[in-house]
Amino acid sequence: MIHILTADVYNKIAAGEVVDRPYSVVKELVENALDAGATEITVEIEAGGKKLVRVTDNGCGIARGELQKAYLPHATSKLSRAEDLFGVRTLGFRGEALASIASVSRMRIVSKTADAEAYSLASEGGALGEVEPAAGGNGTQVSVEDLFFNTPARLKFLKSDGQEEGDVTNMIARILLSRPEVAFTYLVNGKVRYRSFGDGLPAAMAAVYGAGILGNCYAIDAEKHGVRVSGFIGDRNFSKPNRTYQSLFVNGRYVVNQTVGAAVSNAYASYLMKRQYPFYVLFLELPPEIVDVNVHPNKADVRFADNQVIYGTVYSVVSSVLDGNSRALEYLAKDERAEEAPAPKEEMSFEEAKKELHFDIPPVVGKVSVPRRFTDEEKEPLVLRVNAPAPMPAPQEDAFEENRRFLLEQERARSQQRVDPASLEYKGELFRTYLIYERGEEAYLVDQHAAHERILYDRLRAACDARSVVSQPMLLPYVLDLNAQEYAFLSEKLPLLRELGFEAEEFGGRSVKISALPADLVGMDMEAFFSEVLASMESLRAVRLADILKDKFASAACKAAVKGGERLTEEEVRELLRRMDGDMGLKCPHGRPVAVRVKRSELEKLFKRIV
Ligand code: ADP
Ligand code: MG
C-alpha cells in the first residue's frame, strides 16, 4: 500500500538530511540571519547545542502574517521558480530548515519588522502554537531547545557535549571569517567565545586565531579567468598539523572542495613536510552560473562548471605567491604589494576603503591607459567583479569601471618596483654574490645567483610554451637508476621532460637515459635536479596538469644550473641587468628576492650622520 506521508512524518525524515547535529541547526539559523541582511548576530549554545541553540539577529524580520509560513516545509521567500536555482545568491533556498528543525525540537521564533510590533510563534515537535504579541527589537530571534527530544534514536547518535560544542565553534569561526562585515557574538554556556565587530577580514582573523596570525600570512587578492581569489594564506614556514585550519568560501559560502583543496596542497607541496598542512582562509568569487551549490542538502560542497580552470587559477595564484615569481606581485593584496603603502587606517569601513582606492588612482597616462588584452588562454574573460562578501552582484557598468581601476592599481604597484636599467650605475660586487648598483639616492644589491636562476627560469618557461626549446646533446649521457616507484613516476613524465628540452628515454631495467638537455642549462647538476624532482614525486603524482609539472621541473632545473661563488664578467653583469629589465621586485623561482634596495638615508643613519 502506498501511504501519503503526513507532513509531520515527512518533516522528521527530511530533518535527518538537513539537521543531523547541533552544528547544522546553528548553521541553518545563522545563514537565515545573514540572508535577512543582519549586521549583528548573536549565537548562544548550551550543552553543546543539545539543550539550547539561540540565534538573534537585527535583520529584516518576519512579518506577523508570514510567521506560520516560515514553519512550513518548502516555504521560502528566496526562490520561486526552478530557473532561480541557477543564480542562487542567498545561503538558504530550499525552505526546509525551519520546518525540519521545528519538527525535532521545541522552537520559538520572536520577530519584529521595522514597521510593526514584535510577535512570537512557538512549536513543539512541529505542532504550532498561536501567534502572540511579544517584546523585542527589530530582527529575529530563533530559540531551539531540547533538540531531538522526540526522536530518541537520533539523540543517541550525538557526540558528547564537548565534541558537539567543538564542531559548532569551528563552524562559527568559519562563518565569522566569511562575513567580516558582520558583527558576531558567540557565547558558549553563557561565556563569550568569539566577538567580532564587523570591521574587516584582518580583524575577523584576529578574533578567531589571535592577533599574531597576520604576521604569518600573505594577504592575497587576485583575479584570473573571471575568478577572484582573495584572503590569507600561511607563509612557507607556517604549517598546521591538520586540515581544520583551512577554510574555503565560494561566493561567500563555506565549502569543502577537493579541486581547490588539491590545488592549494600542491602549491605548498615543496614547502611542507608530510603531515603538515597549509593554513588558509580563501575566498573564491565567480559568477553563480558557473558554480553549482545544489550538490547536497548540507550544501557543504560545490561543483564547478570547469574544474581545470578553478584548479589552475588557485594553483597558479597560491604557488606564484609562495614561490615569489614575477606574477606574485599582482596577486598580493594591495597593502602587501606597495612597499611603502601607507599603514591601513584602523577603522576604515569597506565603503571608505573603496573610495580611498578610487582617489588613489593617478591620472590615466600613456601606457597605463591601454586596455588590457586578454590572451587566448583566458578565452572569454568574465569581467564581472563581485564585491566580497556582499551577496549581491555589482551592477554591470560599475563592474567594468571597477575592473579597470583594479588593473590600473596593479600596473601602478608594479611600476613602483621597476627602474630604468640605464639609470643604474654598476659599482662592483660583494662576496662574489651581490652586485652593487647606485641610482640617485639609493643603492640596489642584486643577488646574481637568484637573478640568474630567475632569468633562466623565465626563458625556459617561455621557450617551453612556444615549443622552441633548443636541446644540446651531452658528451656523456646521464643514466638514472630508479626504484620501482620512481621509475613508474618518471617514465610517465618522459614526454614532459622532452617538451622541456631533455632528451630522455627508457634504458632497460629501471633506468632512464638523458642524452641531451636544454641549451640554457648546459653544465647543470643532473643529480640535484632529479633528486629534487623525485623528492616532490608524492605531491606531483596527484597533479595532472602538465603545465604545473613543467613549472616545477623548470624551477628545479634552473636551480641546478646556477653555480655559486662564480665571478661574473662585466659583460655578464650587464646582460643580467638587461634581462631583469629593471624589475627590482623580482623573486627567484624559489621565493627569495632577487634585489634589495638600500636608501642613502639608511646608510647615513648607520653612520649616525642623521638620526
Ligand atoms: P530557506 O532559508 O531555505 O528559505 P528556512 O526554512 O531556513 O528556508 O526559512 C524559511 C523562511 O523563513 C525564509 O525563506 C525566510 O523568509 C524566513 N526566515 C527564516 N529565518 C529568518 C530570519 N532570521 N530573518 C528573517 N526571515 C527569516
Ligand atoms: Mg534557511
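**Figure 1. A loop residue with an unusual backbone angle: Asp 146.** At 29% relative accessibility, Asp 146 counts as partly exposed, because the partly exposed class runs between 20% and 50%. Keep in mind that this is a predicted model. Asp 146 is not a glycine, yet it has a positive phi of about 50°. You'll find Asp 146 in the loop that runs between strand E7 (139–145) and helix H5 (152–156).

**Figure 2. Phe 148, another positive phi in the E7–H5 loop.** Phe 148 isn't a glycine either, and here phi is positive at about 65°. Phe 148 also has its place in the loop between E7 and H5. Is Phe 148 buried or exposed? With a relative accessibility of 0%, Phe 148 counts as buried, while Asp 146 is partly exposed.

**Figure 3. Charges parked over rings.** Two spots to zoom in on here. At Phe 149, the charged end of Arg 106 sits over the ring, 4.0 Å from the ring's centre. At Tyr 245, Lys 240 lies over the face of the ring, at 4.6 Å from the ring centre. Tyr 245 has aromatic company too: ring pairs link it with Tyr 209, Phe 238 and Phe 279 into a cluster.

**Figure 4. A small open sheet made of E22, E24 and E23.** Three strands come together here in the order E22-E24-E23, with antiparallel pairing. Strand E22 (471–481) and strand E23 (503–506) take the edges; each has a single partner strand, so one side of each is left without a neighbour in the sheet. On average, neighbouring strands of this sheet are turned by 15° against each other, ignoring direction. As a general reminder, strands of a sheet pair through backbone hydrogen bonds, either parallel or antiparallel.

**Figure 5. A closer look at the E22–E24 pairing and the helix on the sheet.** How many bridges hold the pairing of E22 with strand E24 (residues 511–518)? There are 7 bridges, in the antiparallel sense. Leu 480 is a handy place to start, as it stands opposite Val 512 in E24. Helix H15 (residues 484–492) packs on this sheet and touches E22, E23 and E24. The direction of H15 makes about 40° with that of E24.

**Figure 6. Two stacked phenylalanines, Phe 502 and Phe 529.** The structure has 12 aromatic pairs in the count. One of them is Phe 502 with Phe 529, a stacked pair at 5.2 Å centre to centre with 5° between the planes. This pair links distant parts of the chain, 27 residues apart: Phe 502 is in the loop between helix H16 (494–500) and E23, and Phe 529 is in helix H17 (residues 526–535). Both Phe 502 and Phe 529 are buried.

**Figure 7. Two cysteines, and a search for disulfides.** Searching the whole structure turns up 0 disulfides. Which of the two cysteines in this view is buried? Cys 217 is buried, with a relative accessible area of 7%. Cys 60, at 48% relative accessibility, counts as partly exposed.

**Figure 8. Zooming out to the whole chain.** The secondary structure of the protein chain adds up to 21 helices and 25 strands. Of the 611 residues in the chain, 47% are buried. Looking at contacts between residues at least 6 apart in sequence, 69% join residues at least 24 apart.

Key. Residues numbered from 1 in each chain as written. Chains lettered and ligands numbered in written order. Predicted model: local features only at pLDDT ≥ 70, side-chain atom pairs only at ≥ 80, totals over all residues. Heavy atoms only, no water. Disulfide = S-S within 2.5 Å. Buried < 20%, exposed > 50% of the residue type's maximum accessible area, 1.4 Å probe, protein only. Pairing = 2+ DSSP bridges. Helix = DSSP H or I, 4+ residues; strand = E, 2+ residues; numbered from the N terminus. Axes fitted to C-alpha atoms, helices over the stretch in contact; angles between N-to-C directions. Contact = heavy atoms within 4.5 Å. Phe/Tyr/Trp six-rings, centres within 6.5 Å; stacked < 30°, edge-to-face > 60°. Lys NZ or Arg CZ within 6 Å of the ring centre and 35° of its normal.
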